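Could you walk me through this model in my viewer, one selection at a time? I would like to know what to click on next and what I will find there.

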Amino acid sequence: MFTWFRGSVVKSSLLALSVLFASLSPIAIARPGLAQNTVISQDTTTPGATTTNLSDVGSNYWASPFIVALAQRNIIAGFPDGTFKPDQAVTRAQFAAMIQKAFNQNPVRQLAAGGFTDVPANYWAADAIREAYETGFMSGYPGNRFLPNEQIPKVQAIVAISSGLALTSSTDAATVLNTYYTDASATPNYAVNAVAAATQSNIVVNYPEVRQLNPQRTLTRAEAAAILYQALVRQGQLQPIASNLPAAGYIVAASSTPTQPGSTDIVGLAASSGSFTTLTSLLKTAGLTDILQQPGPYTVFAPTDQAFAALPAGTLQQLQLPENRETLIKLLRYHVVSGQLTSNQLSTGELNTIENQSVNVKVDTANNQIAVNDAQVIQANVQASNGVIHAINQVLIPPNLTGQQPGQQPGTGTTDPGGTPTTGEVSPGRTTLGGPSYIGVGGNIGLTGANALSVGNFSVISKIGLTRNISVRPSAVFGDNTLVLVPVTLDFAQQPDTVTGQRRFPIAPFVGAGVAIDTSGDTDIAFMATGGVDIPIANRFTLTGSVNAAFFDETSVGLILGVGYNF
(Lines give C-alpha, C1' and ligand atoms only; values in the text may rest on other atoms or scores of the structure.)
Protein backbone atom coordinates (compact mmCIF):
# COMPACT_ATOMS: atom_id res chain seq x y z
CA MET A 1 0.00 0.00 0.00
CA PHE A 2 1.28 3.45 -0.95
CA THR A 3 1.31 4.64 2.66
CA TRP A 4 3.94 6.92 4.19
CA PHE A 5 2.79 7.15 7.79
CA ARG A 6 0.51 5.35 10.24
CA GLY A 7 -0.44 6.31 13.78
CA SER A 8 -3.22 6.44 16.29
CA VAL A 9 -6.57 8.05 15.54
CA VAL A 10 -5.69 10.89 17.90
CA LYS A 11 -2.36 11.46 16.18
CA SER A 12 -3.93 11.46 12.73
CA SER A 13 -6.59 13.96 13.75
CA LEU A 14 -4.00 16.26 15.28
CA LEU A 15 -1.88 15.97 12.16
CA ALA A 16 -4.75 16.95 9.90
CA LEU A 17 -5.68 19.92 12.09
CA SER A 18 -2.07 21.09 12.39
CA VAL A 19 -1.56 20.98 8.63
CA LEU A 20 -4.69 23.04 8.07
CA PHE A 21 -3.77 25.53 10.78
CA ALA A 22 -0.19 25.92 9.57
CA SER A 23 -1.32 26.43 6.00
CA LEU A 24 -4.09 28.87 6.77
CA SER A 25 -2.34 30.86 9.49
CA PRO A 26 -0.92 33.47 7.08
CA ILE A 27 -4.48 34.76 6.69
CA ALA A 28 -4.42 36.02 10.26
CA ILE A 29 -0.93 37.42 10.12
CA ALA A 30 -0.56 40.99 8.92
CA ARG A 31 1.92 41.21 6.12
CA PRO A 32 4.78 43.52 7.05
CA GLY A 33 4.51 46.78 5.16
CA LEU A 34 7.16 48.68 3.28
CA ALA A 35 5.72 51.84 4.62
CA GLN A 36 7.77 54.91 5.19
CA ASN A 37 8.59 55.40 8.89
CA THR A 38 6.38 58.24 10.08
CA VAL A 39 6.87 57.74 13.82
CA ILE A 40 8.77 60.70 15.14
CA SER A 41 12.27 60.34 16.50
CA GLN A 42 12.90 59.92 20.22
CA ASP A 43 12.13 62.96 22.29
CA THR A 44 15.17 65.03 23.11
CA THR A 45 13.49 67.40 25.52
CA THR A 46 11.23 65.21 27.61
CA PRO A 47 13.03 62.03 28.64
CA GLY A 48 10.77 59.21 29.65
CA ALA A 49 7.75 60.45 27.74
CA THR A 50 5.31 57.64 27.08
CA THR A 51 2.63 57.02 24.50
CA THR A 52 -0.78 58.34 25.52
CA ASN A 53 -3.96 56.67 24.31
CA LEU A 54 -6.61 59.31 23.68
CA SER A 55 -10.06 57.85 23.20
CA ASP A 56 -11.38 60.71 21.05
CA VAL A 57 -8.36 60.95 18.72
CA GLY A 58 -8.71 58.05 16.35
CA SER A 59 -6.23 57.21 13.63
CA ASN A 60 -8.55 58.81 11.07
CA TYR A 61 -8.80 62.13 12.89
CA TRP A 62 -7.21 64.84 10.75
CA ALA A 63 -4.71 66.03 13.40
CA SER A 64 -3.91 62.62 14.86
CA PRO A 65 -0.21 62.54 13.80
CA PHE A 66 0.42 65.94 15.42
CA ILE A 67 -1.48 65.19 18.62
CA VAL A 68 -0.09 61.71 19.21
CA ALA A 69 3.50 62.78 18.60
CA LEU A 70 3.29 65.71 21.03
CA ALA A 71 1.41 63.66 23.64
CA GLN A 72 4.19 61.08 23.51
CA ARG A 73 6.58 63.85 24.52
CA ASN A 74 4.37 65.30 27.25
CA ILE A 75 4.17 68.60 25.38
CA ILE A 76 0.41 68.25 25.42
CA ALA A 77 -1.73 65.97 27.55
CA GLY A 78 -5.20 64.52 27.72
CA PHE A 79 -7.82 64.79 30.42
CA PRO A 80 -8.30 62.39 33.37
CA ASP A 81 -11.14 60.63 31.54
CA GLY A 82 -8.73 59.60 28.75
CA THR A 83 -9.97 62.13 26.21
CA PHE A 84 -8.12 64.97 24.50
CA LYS A 85 -11.08 67.13 23.46
CA PRO A 86 -9.36 68.20 20.22
CA ASP A 87 -12.07 70.70 19.26
CA GLN A 88 -12.08 72.49 22.60
CA ALA A 89 -10.92 76.11 22.59
CA VAL A 90 -7.49 77.01 24.00
CA THR A 91 -6.99 79.86 26.46
CA ARG A 92 -3.96 82.16 26.49
CA ALA A 93 -2.73 80.53 29.71
CA GLN A 94 -3.06 77.05 28.21
CA PHE A 95 -1.16 78.08 25.08
CA ALA A 96 1.61 79.57 27.24
CA ALA A 97 1.87 76.24 29.07
CA MET A 98 2.19 74.41 25.75
CA ILE A 99 4.93 76.80 24.64
CA GLN A 100 6.82 76.25 27.89
CA LYS A 101 6.88 72.50 27.32
CA ALA A 102 7.59 72.65 23.59
CA PHE A 103 10.49 75.10 23.44
CA ASN A 104 13.71 75.85 25.26
CA GLN A 105 14.46 79.39 24.06
CA ASN A 106 16.74 81.88 25.78
CA PRO A 107 15.09 84.90 27.45
CA VAL A 108 15.08 88.08 25.36
CA ARG A 109 13.44 90.33 27.97
CA GLN A 110 12.43 90.31 31.61
CA LEU A 111 8.98 90.53 33.12
CA ALA A 112 8.61 93.47 35.47
CA ALA A 113 8.56 92.85 39.20
CA GLY A 114 5.12 91.74 40.26
CA GLY A 115 4.33 90.36 36.83
CA PHE A 116 0.95 90.81 35.18
CA THR A 117 -1.74 92.26 37.39
CA ASP A 118 -4.26 89.52 36.49
CA VAL A 119 -1.84 86.60 37.00
CA PRO A 120 -1.42 85.93 40.76
CA ALA A 121 1.83 84.35 41.90
CA ASN A 122 0.00 81.15 42.82
CA TYR A 123 -1.87 80.95 39.49
CA TRP A 124 -1.43 77.48 37.93
CA ALA A 125 0.21 78.84 34.76
CA ALA A 126 2.13 81.76 36.30
CA ASP A 127 5.58 80.29 35.51
CA ALA A 128 4.56 79.33 31.96
CA ILE A 129 3.16 82.82 31.29
CA ARG A 130 6.32 84.46 32.61
CA GLU A 131 8.51 82.21 30.44
CA ALA A 132 6.35 82.71 27.33
CA TYR A 133 6.69 86.46 27.81
CA GLU A 134 10.42 86.54 28.59
CA THR A 135 11.33 84.30 25.62
CA GLY A 136 9.44 86.60 23.25
CA PHE A 137 6.56 84.31 22.33
CA MET A 138 3.66 86.13 23.99
CA SER A 139 2.94 89.66 25.10
CA GLY A 140 0.48 91.32 27.41
CA TYR A 141 -2.30 93.87 26.98
CA PRO A 142 -2.40 97.53 28.02
CA GLY A 143 -2.67 98.00 31.74
CA ASN A 144 -0.10 95.25 32.37
CA ARG A 145 -2.72 92.55 31.87
CA PHE A 146 -2.31 89.11 30.28
CA LEU A 147 -5.95 87.94 30.19
CA PRO A 148 -4.96 84.32 30.93
CA ASN A 149 -8.48 82.91 30.71
CA GLU A 150 -9.34 84.56 27.41
CA GLN A 151 -9.59 82.20 24.44
CA ILE A 152 -6.73 82.78 22.04
CA PRO A 153 -7.51 83.46 18.35
CA LYS A 154 -5.60 81.43 15.78
CA VAL A 155 -3.83 84.51 14.46
CA GLN A 156 -2.45 85.31 17.93
CA ALA A 157 -1.05 81.80 18.25
CA ILE A 158 0.67 82.10 14.85
CA VAL A 159 2.09 85.50 15.80
CA ALA A 160 3.36 84.06 19.09
CA ILE A 161 5.23 81.25 17.34
CA SER A 162 6.61 83.57 14.69
CA SER A 163 7.79 86.06 17.30
CA GLY A 164 9.32 83.49 19.63
CA LEU A 165 11.27 81.85 16.80
CA ALA A 166 12.21 85.24 15.27
CA LEU A 167 10.85 84.30 11.85
CA THR A 168 10.93 86.80 8.99
CA SER A 169 9.30 86.87 5.58
CA SER A 170 11.61 86.69 2.55
CA THR A 171 9.15 88.50 0.27
CA ASP A 172 6.40 91.09 0.54
CA ALA A 173 4.19 89.90 3.38
CA ALA A 174 0.90 91.03 1.86
CA THR A 175 1.73 89.23 -1.37
CA VAL A 176 2.44 86.02 0.54
CA LEU A 177 -0.92 86.15 2.29
CA ASN A 178 -2.85 86.98 -0.87
CA THR A 179 -1.09 84.12 -2.67
CA TYR A 180 -1.89 81.42 -0.13
CA TYR A 181 -5.13 82.46 1.56
CA THR A 182 -8.54 83.26 0.12
CA ASP A 183 -9.38 85.23 3.29
CA ALA A 184 -6.07 87.12 3.57
CA SER A 185 -7.91 90.42 4.08
CA ALA A 186 -9.22 89.17 7.45
CA THR A 187 -5.68 89.15 8.89
CA PRO A 188 -5.14 92.08 11.32
CA ASN A 189 -2.50 94.58 10.22
CA TYR A 190 -0.31 93.86 13.25
CA ALA A 191 -0.12 90.18 12.27
CA VAL A 192 0.56 90.37 8.51
CA ASN A 193 4.35 90.08 8.71
CA ALA A 194 4.30 87.34 11.35
CA VAL A 195 1.70 85.24 9.52
CA ALA A 196 3.61 85.59 6.25
CA ALA A 197 6.83 84.47 7.93
CA ALA A 198 5.11 81.48 9.56
CA THR A 199 3.51 80.58 6.23
CA GLN A 200 6.85 80.54 4.44
CA SER A 201 8.22 78.38 7.26
CA ASN A 202 5.48 75.77 6.77
CA ILE A 203 4.14 76.32 10.27
CA VAL A 204 0.55 77.25 9.40
CA VAL A 205 -1.91 74.34 9.27
CA ASN A 206 -5.43 74.96 8.01
CA TYR A 207 -8.29 72.50 8.38
CA PRO A 208 -10.54 71.70 6.59
CA GLU A 209 -9.66 74.14 3.77
CA VAL A 210 -5.93 74.60 3.40
CA ARG A 211 -6.35 77.98 1.66
CA GLN A 212 -8.64 79.40 4.32
CA LEU A 213 -6.77 80.87 7.31
CA ASN A 214 -9.73 81.89 9.53
CA PRO A 215 -7.37 84.14 11.51
CA GLN A 216 -9.90 85.38 14.06
CA ARG A 217 -11.38 81.98 14.83
CA THR A 218 -10.63 80.62 18.30
CA LEU A 219 -7.70 78.21 18.29
CA THR A 220 -8.64 74.61 19.07
CA ARG A 221 -6.48 72.11 20.90
CA ALA A 222 -6.00 70.14 17.67
CA GLU A 223 -4.88 73.27 15.79
CA ALA A 224 -2.52 74.18 18.61
CA ALA A 225 -0.91 70.74 18.40
CA ALA A 226 -0.52 71.05 14.62
CA ILE A 227 1.10 74.50 14.79
CA LEU A 228 3.45 73.53 17.62
CA TYR A 229 4.47 70.36 15.80
CA GLN A 230 5.31 72.28 12.64
CA ALA A 231 7.25 74.83 14.68
CA LEU A 232 9.35 72.02 16.17
CA VAL A 233 9.93 70.66 12.68
CA ARG A 234 11.16 74.12 11.70
CA GLN A 235 13.63 73.97 14.60
CA GLY A 236 14.83 70.52 13.61
CA GLN A 237 13.51 68.96 16.81
CA LEU A 238 11.02 66.73 15.00
CA GLN A 239 10.82 65.09 11.59
CA PRO A 240 8.15 66.23 9.11
CA ILE A 241 5.14 63.97 8.94
CA ALA A 242 5.10 61.73 5.88
CA SER A 243 3.59 63.30 2.79
CA ASN A 244 1.26 60.32 2.31
CA LEU A 245 -0.59 61.09 5.56
CA PRO A 246 -3.85 63.02 5.11
CA ALA A 247 -2.70 65.52 7.74
CA ALA A 248 0.13 66.62 5.44
CA GLY A 249 -2.45 68.00 3.03
CA TYR A 250 -3.46 70.70 5.53
CA ILE A 251 0.02 72.16 5.92
CA VAL A 252 0.37 75.38 3.95
CA ALA A 253 3.50 74.43 2.03
CA ALA A 254 4.92 77.79 1.10
CA SER A 255 8.10 76.23 -0.25
CA SER A 256 6.33 75.35 -3.49
CA THR A 257 4.35 77.38 -5.97
CA PRO A 258 0.69 77.19 -5.02
CA THR A 259 -1.92 76.05 -7.50
CA GLN A 260 -5.64 76.04 -7.18
CA PRO A 261 -6.58 72.40 -6.42
CA GLY A 262 -8.52 70.75 -9.21
CA SER A 263 -7.88 73.43 -11.83
CA THR A 264 -5.82 71.15 -14.13
CA ASP A 265 -6.52 67.72 -15.58
CA ILE A 266 -4.45 64.67 -14.62
CA VAL A 267 -2.05 64.91 -17.56
CA GLY A 268 -1.49 68.64 -17.11
CA LEU A 269 -1.00 68.25 -13.38
CA ALA A 270 1.56 65.46 -13.87
CA ALA A 271 3.36 67.47 -16.55
CA SER A 272 3.59 70.53 -14.29
CA SER A 273 5.03 68.52 -11.41
CA GLY A 274 8.73 67.84 -11.05
CA SER A 275 7.99 64.33 -9.80
CA PHE A 276 6.19 62.78 -12.79
CA THR A 277 8.26 63.73 -15.83
CA THR A 278 8.93 60.09 -16.76
CA LEU A 279 5.27 59.16 -16.38
CA THR A 280 4.22 62.09 -18.53
CA SER A 281 6.67 61.11 -21.26
CA LEU A 282 5.50 57.48 -21.24
CA LEU A 283 1.84 58.53 -21.42
CA LYS A 284 2.61 60.49 -24.56
CA THR A 285 4.57 57.61 -26.08
CA ALA A 286 1.70 55.20 -25.39
CA GLY A 287 -0.91 57.62 -26.74
CA LEU A 288 -2.86 57.65 -23.46
CA THR A 289 -2.84 61.38 -22.80
CA ASP A 290 -6.16 61.90 -24.58
CA ILE A 291 -7.84 59.32 -22.32
CA LEU A 292 -6.59 60.91 -19.10
CA GLN A 293 -7.67 64.35 -20.31
CA GLN A 294 -11.28 63.22 -20.65
CA PRO A 295 -13.81 64.07 -17.90
CA GLY A 296 -13.39 60.67 -16.25
CA PRO A 297 -13.09 60.79 -13.33
CA TYR A 298 -10.03 58.62 -12.77
CA THR A 299 -7.79 57.55 -9.92
CA VAL A 300 -4.13 57.28 -10.93
CA PHE A 301 -1.49 55.54 -8.86
CA ALA A 302 1.41 57.52 -10.28
CA PRO A 303 4.99 56.21 -9.97
CA THR A 304 7.47 58.99 -9.31
CA ASP A 305 10.56 59.56 -11.42
CA GLN A 306 12.56 57.75 -8.73
CA ALA A 307 10.24 54.73 -9.03
CA PHE A 308 10.83 54.48 -12.78
CA ALA A 309 14.57 55.00 -12.25
CA ALA A 310 14.60 51.93 -10.00
CA LEU A 311 13.62 49.65 -12.91
CA PRO A 312 16.41 47.50 -14.36
CA ALA A 313 18.85 49.29 -16.66
CA GLY A 314 17.49 49.66 -20.17
CA THR A 315 13.88 48.90 -19.27
CA LEU A 316 12.59 52.42 -19.94
CA GLN A 317 14.34 52.57 -23.29
CA GLN A 318 12.89 49.19 -24.25
CA LEU A 319 9.38 50.23 -23.24
CA GLN A 320 9.49 53.20 -25.59
CA LEU A 321 10.38 51.14 -28.66
CA PRO A 322 7.53 50.83 -31.22
CA GLU A 323 7.47 47.03 -30.96
CA ASN A 324 6.82 47.30 -27.19
CA ARG A 325 4.00 49.85 -27.39
CA GLU A 326 1.33 47.30 -26.40
CA THR A 327 3.38 46.28 -23.36
CA LEU A 328 3.75 49.93 -22.37
CA ILE A 329 0.01 50.51 -22.73
CA LYS A 330 -0.77 47.51 -20.52
CA LEU A 331 1.74 48.71 -17.92
CA LEU A 332 0.33 52.25 -17.76
CA ARG A 333 -3.33 51.21 -17.82
CA TYR A 334 -2.59 49.00 -14.80
CA HIS A 335 -2.02 52.21 -12.81
CA VAL A 336 -5.43 53.73 -13.61
CA VAL A 337 -8.78 53.03 -11.94
CA SER A 338 -12.13 54.33 -13.17
CA GLY A 339 -13.77 56.71 -10.73
CA GLN A 340 -12.27 59.09 -8.19
CA LEU A 341 -11.11 57.45 -4.97
CA THR A 342 -9.47 59.70 -2.39
CA SER A 343 -7.41 58.20 0.43
CA ASN A 344 -10.45 58.23 2.72
CA GLN A 345 -12.45 56.27 0.13
CA LEU A 346 -9.83 53.57 -0.47
CA SER A 347 -10.28 50.34 1.45
CA THR A 348 -8.35 47.12 1.78
CA GLY A 349 -9.05 44.72 -1.06
CA GLU A 350 -8.76 44.18 -4.79
CA LEU A 351 -9.34 47.18 -7.05
CA ASN A 352 -9.93 46.62 -10.76
CA THR A 353 -7.90 48.80 -13.14
CA ILE A 354 -8.85 49.85 -16.66
CA GLU A 355 -6.43 47.14 -17.84
CA ASN A 356 -8.96 44.67 -16.36
CA GLN A 357 -6.30 43.47 -13.91
CA SER A 358 -6.72 44.04 -10.18
CA VAL A 359 -4.31 45.76 -7.82
CA ASN A 360 -4.20 44.82 -4.16
CA VAL A 361 -4.85 47.82 -1.90
CA LYS A 362 -3.96 47.63 1.78
CA VAL A 363 -5.07 50.45 4.07
CA ASP A 364 -3.32 50.64 7.44
CA THR A 365 -5.65 52.90 9.40
CA ALA A 366 -3.57 52.59 12.56
CA ASN A 367 -0.58 54.24 10.87
CA ASN A 368 -2.46 56.18 8.17
CA GLN A 369 -0.61 54.40 5.38
CA ILE A 370 -1.73 52.95 2.06
CA ALA A 371 -0.01 50.28 -0.02
CA VAL A 372 -0.83 49.23 -3.59
CA ASN A 373 0.62 45.80 -4.35
CA ASP A 374 4.19 46.25 -3.08
CA ALA A 375 4.22 50.04 -3.64
CA GLN A 376 3.66 52.63 -0.93
CA VAL A 377 1.55 55.74 -1.41
CA ILE A 378 3.95 58.56 -0.56
CA GLN A 379 1.65 61.46 -1.43
CA ALA A 380 -2.09 61.06 -1.52
CA ASN A 381 -4.95 63.15 -2.89
CA VAL A 382 -3.26 65.31 -5.53
CA GLN A 383 -6.49 66.74 -6.87
CA ALA A 384 -7.03 67.25 -10.60
CA SER A 385 -10.09 68.49 -12.46
CA ASN A 386 -10.91 65.00 -13.71
CA GLY A 387 -9.80 62.82 -10.83
CA VAL A 388 -7.09 62.31 -8.24
CA ILE A 389 -3.44 61.24 -8.25
CA HIS A 390 -1.77 59.16 -5.54
CA ALA A 391 2.02 59.20 -5.90
CA ILE A 392 3.65 55.79 -5.32
CA ASN A 393 7.26 54.73 -4.85
CA GLN A 394 7.30 51.67 -7.13
CA VAL A 395 6.11 50.84 -10.63
CA LEU A 396 3.16 48.43 -10.57
CA ILE A 397 3.66 45.35 -12.76
CA PRO A 398 0.54 43.67 -14.23
CA PRO A 399 0.45 39.93 -13.48
CA ASN A 400 0.24 39.11 -17.20
CA LEU A 401 3.56 40.90 -17.79
CA THR A 402 5.42 39.16 -14.97
CA GLY A 403 8.50 37.34 -16.19
CA GLN A 404 8.61 39.12 -19.53
CA GLN A 405 11.06 41.90 -20.19
CA PRO A 406 10.11 44.40 -22.90
CA GLY A 407 11.11 43.01 -26.28
CA GLN A 408 11.27 39.39 -25.05
CA GLN A 409 9.02 36.57 -26.12
CA PRO A 410 6.93 35.14 -23.31
CA GLY A 411 8.81 32.60 -21.28
CA THR A 412 12.29 33.83 -22.22
CA GLY A 413 12.78 36.27 -19.35
CA THR A 414 13.90 35.38 -15.87
CA THR A 415 12.88 38.57 -14.11
CA ASP A 416 9.83 40.81 -14.16
CA PRO A 417 10.06 44.48 -15.27
CA GLY A 418 10.74 45.42 -11.67
CA GLY A 419 13.80 43.16 -11.52
CA THR A 420 12.12 40.49 -9.36
CA PRO A 421 12.78 36.82 -10.22
CA THR A 422 9.70 35.06 -11.56
CA THR A 423 9.81 32.60 -8.68
CA GLY A 424 10.15 35.60 -6.37
CA GLU A 425 10.68 36.00 -2.67
CA VAL A 426 8.30 33.94 -0.55
CA SER A 427 5.60 36.19 0.87
CA PRO A 428 2.59 34.20 2.19
CA GLY A 429 -0.76 35.63 1.20
CA ARG A 430 0.46 37.57 -1.84
CA THR A 431 -1.23 37.83 -5.23
CA THR A 432 0.15 35.42 -7.82
CA LEU A 433 -0.01 35.41 -11.60
CA GLY A 434 -3.43 33.80 -11.39
CA GLY A 435 -4.90 36.31 -8.95
CA PRO A 436 -5.20 37.00 -5.22
CA SER A 437 -5.09 34.58 -2.32
CA TYR A 438 -8.43 33.46 -0.93
CA ILE A 439 -10.29 31.21 1.50
CA GLY A 440 -13.73 29.81 0.84
CA VAL A 441 -16.17 26.93 0.71
CA GLY A 442 -17.23 24.49 -1.94
CA GLY A 443 -18.48 21.05 -2.73
CA ASN A 444 -16.74 17.88 -3.86
CA ILE A 445 -18.13 15.68 -6.61
CA GLY A 446 -16.72 12.17 -6.21
CA LEU A 447 -15.59 10.42 -9.37
CA THR A 448 -13.88 7.25 -8.22
CA GLY A 449 -12.20 5.70 -5.17
CA ALA A 450 -13.01 4.68 -1.62
CA ASN A 451 -12.67 7.75 0.63
CA ALA A 452 -14.18 11.22 1.14
CA LEU A 453 -12.76 12.40 -2.20
CA SER A 454 -14.76 9.77 -4.07
CA VAL A 455 -18.23 10.86 -2.90
CA GLY A 456 -20.19 14.09 -2.72
CA ASN A 457 -19.13 16.11 0.30
CA PHE A 458 -18.80 19.64 1.69
CA SER A 459 -15.29 21.15 1.47
CA VAL A 460 -13.23 24.09 2.68
CA ILE A 461 -10.83 25.52 0.12
CA SER A 462 -8.00 28.04 0.14
CA LYS A 463 -5.16 29.48 -1.87
CA ILE A 464 -2.12 30.99 -0.15
CA GLY A 465 0.14 32.75 -2.65
CA LEU A 466 3.82 32.25 -1.88
CA THR A 467 5.59 33.81 -4.88
CA ARG A 468 4.41 35.33 -8.13
CA ASN A 469 3.69 31.89 -9.60
CA ILE A 470 3.70 29.43 -6.68
CA SER A 471 0.84 28.78 -4.23
CA VAL A 472 -0.08 26.27 -1.57
CA ARG A 473 -3.77 25.30 -1.73
CA PRO A 474 -4.79 23.43 1.45
CA SER A 475 -8.35 22.11 1.50
CA ALA A 476 -10.43 19.66 3.47
CA VAL A 477 -13.19 17.36 2.19
CA PHE A 478 -15.58 16.47 5.03
CA GLY A 479 -17.19 13.04 4.89
CA ASP A 480 -17.37 10.12 7.26
CA ASN A 481 -13.62 10.55 7.45
CA THR A 482 -12.11 13.93 6.63
CA LEU A 483 -9.59 14.04 3.82
CA VAL A 484 -7.01 16.84 3.89
CA LEU A 485 -5.35 17.92 0.63
CA VAL A 486 -2.19 20.04 0.65
CA PRO A 487 -0.96 20.62 -2.92
CA VAL A 488 1.65 23.12 -4.05
CA THR A 489 0.71 24.59 -7.43
CA LEU A 490 2.26 26.42 -10.33
CA ASP A 491 -0.06 29.32 -11.17
CA PHE A 492 -0.39 30.66 -14.69
CA ALA A 493 -1.48 34.14 -15.77
CA GLN A 494 -5.07 34.75 -16.80
CA GLN A 495 -5.56 33.47 -20.33
CA PRO A 496 -7.09 35.63 -23.10
CA ASP A 497 -9.70 34.47 -25.54
CA THR A 498 -7.78 32.66 -28.30
CA VAL A 499 -9.79 34.35 -31.07
CA THR A 500 -10.25 37.95 -29.94
CA GLY A 501 -7.34 38.19 -27.51
CA GLN A 502 -9.67 39.86 -24.98
CA ARG A 503 -10.27 38.76 -21.39
CA ARG A 504 -14.03 38.50 -21.70
CA PHE A 505 -13.98 35.49 -19.37
CA PRO A 506 -10.59 35.47 -17.62
CA ILE A 507 -9.38 32.03 -16.59
CA ALA A 508 -6.17 31.40 -14.64
CA PRO A 509 -5.05 27.74 -14.80
CA PHE A 510 -2.94 25.97 -12.20
CA VAL A 511 -1.35 22.53 -11.81
CA GLY A 512 0.46 20.96 -8.90
CA ALA A 513 1.16 18.10 -6.58
CA GLY A 514 1.39 17.45 -2.86
CA VAL A 515 0.07 15.16 -0.17
CA ALA A 516 -3.35 13.80 0.71
CA ILE A 517 -4.05 12.85 4.34
CA ASP A 518 -6.82 10.33 5.00
CA THR A 519 -7.87 10.52 8.67
CA SER A 520 -9.85 7.25 8.66
CA GLY A 521 -8.52 4.65 11.10
CA ASP A 522 -4.75 4.80 10.99
CA THR A 523 -3.75 7.93 9.13
CA ASP A 524 -2.63 7.40 5.56
CA ILE A 525 -0.59 9.95 3.65
CA ALA A 526 -0.36 9.58 -0.09
CA PHE A 527 0.92 11.49 -3.09
CA MET A 528 -1.70 13.62 -4.87
CA ALA A 529 -1.94 15.63 -8.08
CA THR A 530 -4.24 18.53 -8.92
CA GLY A 531 -5.18 20.76 -11.81
CA GLY A 532 -7.78 23.46 -12.16
CA VAL A 533 -8.72 27.04 -12.89
CA ASP A 534 -9.42 30.24 -10.94
CA ILE A 535 -11.95 32.69 -12.34
CA PRO A 536 -12.04 36.16 -10.72
CA ILE A 537 -15.52 37.60 -10.19
CA ALA A 538 -15.86 41.21 -9.03
CA ASN A 539 -13.04 42.44 -6.81
CA ARG A 540 -13.57 40.30 -3.73
CA PHE A 541 -14.36 36.78 -4.95
CA THR A 542 -12.83 34.01 -7.05
CA LEU A 543 -14.60 31.00 -8.53
CA THR A 544 -12.43 27.91 -8.58
CA GLY A 545 -12.64 24.39 -9.87
CA SER A 546 -10.08 21.60 -9.61
CA VAL A 547 -9.70 17.90 -10.28
CA ASN A 548 -7.80 16.13 -7.50
CA ALA A 549 -6.36 12.62 -7.55
CA ALA A 550 -5.06 10.95 -4.39
CA PHE A 551 -2.96 7.81 -4.95
CA PHE A 552 -3.77 5.54 -2.01
CA ASP A 553 -4.08 1.74 -2.46
CA GLU A 554 -7.15 2.61 -4.46
CA THR A 555 -6.80 5.87 -6.35
CA SER A 556 -9.49 8.42 -5.44
CA VAL A 557 -10.52 11.22 -7.78
CA GLY A 558 -12.86 14.13 -7.09
CA LEU A 559 -13.92 17.44 -8.58
CA ILE A 560 -14.04 20.38 -6.15
CA LEU A 561 -16.05 23.46 -7.14
CA GLY A 562 -16.11 26.47 -4.83
CA VAL A 563 -15.95 30.20 -4.31
CA GLY A 564 -13.22 31.98 -2.37
CA TYR A 565 -13.12 35.33 -0.59
CA ASN A 566 -10.02 37.25 -1.68
CA PHE A 567 -7.62 38.70 0.88
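## Stop 1: the end of α2

Begin just past the end of α2, where Asn 74 adopts a positive phi of about 60°. Keep in mind throughout that this is a predicted model. Asn 74 is not a glycine, although its phi is positive. Zoom out a little and you will see that Asn 74 belongs to the loop between α2 (64-72) and α3 (92-102). Is its side of the loop covered or open? With a relative accessibility of 33%, Asn 74 counts as partly exposed.

Now select α2 itself. This helix is mostly covered, with 8 of its 9 residues buried. Among the buried ones are Phe 66, Ile 67, Leu 70 and Gln 72. Show α8 as well, since α8 is part of what covers the buried residues of α2.

For a second example of the backbone feature, jump to Asn 144, a residue other than glycine whose phi is positive, near 60°. Asn 144 sits in the loop between α4 (126-134) and α5 (154-164), and its relative accessible area of 36% makes it partly exposed.

## Stop 2: aromatic rings and a cis bond

Next, colour the aromatic side chains. Across the whole structure, 12 aromatic pairs are found. Pick out Trp 62 and Tyr 207: their ring centres are 4.5 Å apart and their planes are at 5°, so this pair is stacked. The two rings come from distant parts of the chain, 145 residues apart, with Trp 62 in the loop between α1 (9-24) and α2 and Tyr 207 in the loop between α7 and α8. Trp 62 is buried, at 9% relative accessible area, whereas Tyr 207 is partly exposed at 33%.

Add Tyr 61 and Tyr 250 to the selection, and you have one aromatic cluster together with Trp 62 and Tyr 207.

While Tyr 207 is on screen, look at the backbone that follows. The peptide bond from Tyr 207 to Pro 208 is cis, with omega near 5°. Pro 208 is in the loop between α7 (192-200) and α8 (221-234).

Two rings elsewhere have a charge for company. Select Arg 92 and Phe 146: the charged end of Arg 92 sits over the ring of Phe 146, 4.2 Å from its centre. Then try Arg 109 with Tyr 133, where the charged end of Arg 109 sits over the ring, 4.0 Å from its centre.

## Stop 3: salt bridges

Switch to the charged side chains. How many salt bridges does a search of the whole structure find? There are 8.

Start with Arg 217 and Glu 223, whose closest N and O atoms are 2.6 Å apart in a salt bridge. Arg 217 is partly exposed at 33% relative accessible area, while Glu 223 is buried at 4%.

Move on to Glu 355 and Lys 330, another salt bridge, with the closest N and O atoms 3.6 Å apart. Glu 355 lies in the loop between β3 (349-352) and β4 (358-364) and Lys 330 in helix α14 (residues 325-333), so the pair ties together parts that are 25 residues apart in sequence. Glu 355 counts as buried at 11% relative accessibility, and Lys 330 as partly exposed at 27%.

Then centre on Asp 491 and Arg 473, which meet in a salt bridge of 3.2 Å, N to O. Asp 491 is in strand β12 (residues 483-491) and Arg 473 in the loop between β10 (470-472) and β11 (475-478), so this bridge ties together parts that are 18 residues apart in sequence. Asp 491 is buried at 2% relative accessible area, and Arg 473 is buried at 6%. Add Lys 463 and Asp 534 to see one network, joined by salt bridges that share partners.

## Stop 4: a nonpolar patch

Finish on the surface. Select Val 441, Phe 458, Phe 478, Ile 537, Phe 541, Leu 543, Val 563 and Tyr 565, which form a nonpolar patch with about 640 Å² of accessible area together. Which strands should you highlight as each supplying at least two of its residues? They are β15 (541-550) and β16 (556-566). Tyr 565 is in strand β16, and at 40% relative accessibility Tyr 565 counts as partly exposed.

Terms used. Residues numbered from 1 in each chain as written. Predicted model: local features only at pLDDT ≥ 70, side-chain atom pairs only at ≥ 80, totals over all residues. Heavy atoms only, no water. Patch = residues over 30% accessible without salt bridge, like charges linked within 9 Å, V, L, I, M, F, W, Y side chains within 5 Å. Areas by Shrake-Rupley, 256 points an atom, 1.4 Å probe, with all protein chains shown as cover. Salt bridge = Lys/Arg side-chain N within 4 Å of Asp/Glu carboxyl O. Helix = DSSP H or I, 4+ residues; strand = E, 2+ residues; numbered from the N terminus. Buried < 20%, exposed > 50% of the residue type's maximum accessible area, 1.4 Å probe, protein only. Contact = heavy atoms within 4.5 Å. Phe/Tyr/Trp six-rings, centres within 6.5 Å; stacked < 30°, edge-to-face > 60°. Lys NZ or Arg CZ within 6 Å of the ring centre and 35° of its normal.
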